[in-house]
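Please look through the model shown here step by step, keeping the sequence beside the picture as you read. The paragraphs that follow take up one part at a time.

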Amino acid sequence: VNKVRLNLGCGNNPLPGYVNVDLNTVEEIMARYPDCDLRNGPAIHQYDILQLPFSSSSIEEVRADSLLEHLSFLDEPKFFNEVRRVLKPGGIFRFTVQNFELVAKRWLEARDEWKAFYKDDPDSIRQKHWFGQYSYTQESRWGYLTAMIFGNQKGVGQFHRNCYTRGKIEKVMERVGFEIVSIEDVLWKEARDPMLSVLAKKR
Ligand SMILES: C[S@@+](CC[C@H](N)C(=O)[O-])C[C@H]1O[C@@H](n2cnc3c(N)ncnc32)[C@H](O)[C@@H]1O
């Protein structure tokens with residue numbers, strides 16, 4: 001039997017064994033991540049994540065890592081309902097999303113020390129310019145922490161429009177019809193944004 005798994009908002013991380021979906025094409029993603037060669041990797045499809053081209057109850061697993069932050073208030077419920085529609089009963093929904101409670105706490109505790117406007121020329125990207133901070137440091141409010149909250153804004157799909165906490169995720173999963181199996185604290189790239197890693201099942 002063919003078990004179909006989806007990886008929505010795959011970005012520069014398309015996974016083997018999954019149908020990988022992103023707003024952007026391989027070429028557009030490679031332009032954003034010059035160090036990434038995705039040409040020989042899994043295909044990346046530009047499907048509408050609010051109207052997936054799959055029949056109801058046909059999908060084994062849906063993954064969405066660092067995607068929910070990008071959805072508008074109006075798209076948010078449409079997305080959860082669409083994920084639930086395509087999943088088989090008991091199907092797995094796995095996602096990571098920033099833990100906004102910890103992000104906000106870090107921002108409040110950081111120094112109010114602005115240095116420079118954003119730059120996205122290749123040199124600045126290489127040097128981790130991040131508003132003049134030259135690192136992913138979270139000691140200043142006006143460095144990587146700013147992009148953590150608002151997205152890196154390098155293209156329409158790179159803005160953050162939404163945020164989550166453990167409490168909100170529990171309520172949303174209940175409302176849409178998922179049973180939470182686990183919620184764990186993790187760090188993006190093992191060192192950066194505080195994230196929640198959620199494993200849920202379609203009721
Ligand atoms: C922060 S990246 C995460 C990439 C990858 N999942 C990972 O964990 O490394 C978010 C991705 O979501 C994509 N995205 C944003 N809005 C989207 C939408 N409405 N439909 C499909 N992809 C979208 C962006 O193009 C971007 O590649």
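Directly after helix α6 comes Gly177, a residue whose phi is positive, near 110°. This is a predicted model, and the angle just given, like every other value below, should be read with that in mind. The helix that Gly177 follows, α6, runs over residues 166-176, and its buried residues are Ile169, Val172, Met173 and Val176. These four cover an arc of only 100° around the axis, so they sit on the same side of α6. The general reason for such a pattern is that an α-helix has 3.6 residues a turn, so residues three or four places apart point the same way. Lys171, Glu174 and Arg175, by contrast, are exposed and belong to the face of α6 that is turned away from the buried side. If you look for what lies over the buried residues of α6, you will find that the cover includes the helix α2 (75-86) together with the strands β5 (87-98), β6 (178-187) and β7 (194-202).

A positive phi also turns up elsewhere, in residues that are not glycine. Lys128, which is not a glycine, has a positive phi of about 50°, and its place is in the loop between α4 (122-126) and α5 (144-150). Phe131 lies in the loop between α4 and α5 as well, and its phi, near 60°, is again positive in a residue other than glycine. Are these two residues buried or exposed, or something in between? Lys128 has a relative accessible area of 32% and is therefore partly exposed, whereas Phe131, at 15% relative accessibility, counts as buried because the limit for that word is under 20%.

From these loop residues we can turn to the ligand, which is surrounded by 17 residues, the closest being Gly9, Cys10, Asp22, Arg32 and Asp65. Sorted by class, this shell holds 5 nonpolar, 9 polar and 3 charged residues. Some of the polar approaches can be followed atom by atom: a backbone N or O atom of Gly9 lies 2.8 Å from a nitrogen atom of the ligand, while an N or O atom in the side chain of Asp22 is 2.6 Å from an oxygen atom of the ligand. The side chain of Asn24 likewise has an N or O atom that is 3.4 Å from an oxygen atom of the ligand. On its own the ligand has 600 Å² of accessible area, and the protein covers 88% of it.

Asn24 deserves a second look, for it is found in the loop between β2 (19-21) and α1 (26-32), and yet it counts as buried, with 13% relative accessibility. Its side chain makes a polar contact of 2.4 Å with the side chain of Arg32, a residue that is also among the closest to the ligand. Not counting residues up to four places away in sequence, Asn24 touches Ile29, Arg32, Ile44, Gln46 and Gln158.

Asp65, another of the residues closest to the ligand, lies in strand β4 (residues 59-65) and is partly exposed, with a relative accessible area of 23%. Two polar contacts can be traced from its side chain, one of 3.0 Å to the side chain of Arg63 and one of 2.8 Å to the side chain of Thr96. When neighbours within four places in sequence are left aside, Asp65 is in contact with Leu8, Gly9, Phe95 and Thr96. Gly90, on the other hand, is 25 residues from Asp65 in sequence and 20 Å from it in space, C-alpha to C-alpha.

Definitions and conventions
Residues numbered from 1 in each chain as written. Predicted model: local features only at pLDDT ≥ 70, side-chain atom pairs only at ≥ 80, totals over all residues. Heavy atoms only, no water. Helix = DSSP H or I, 4+ residues; strand = E, 2+ residues; numbered from the N terminus. Buried < 20%, exposed > 50% of the residue type's maximum accessible area, 1.4 Å probe, protein only. Polar contact = N/O pair within 3.5 Å; in protein donor to acceptor, adjacent residues only side chain to side chain. Contact = heavy atoms within 4.5 Å. Near = heavy atom within 4 Å. Areas by Shrake-Rupley, 256 points an atom, 1.4 Å probe, with all protein chains shown as cover. Nonpolar A, V, L, I, M, F, W, Y, C, P; charged D, E, K, R; others polar. Arc of directions from axis to C-beta.
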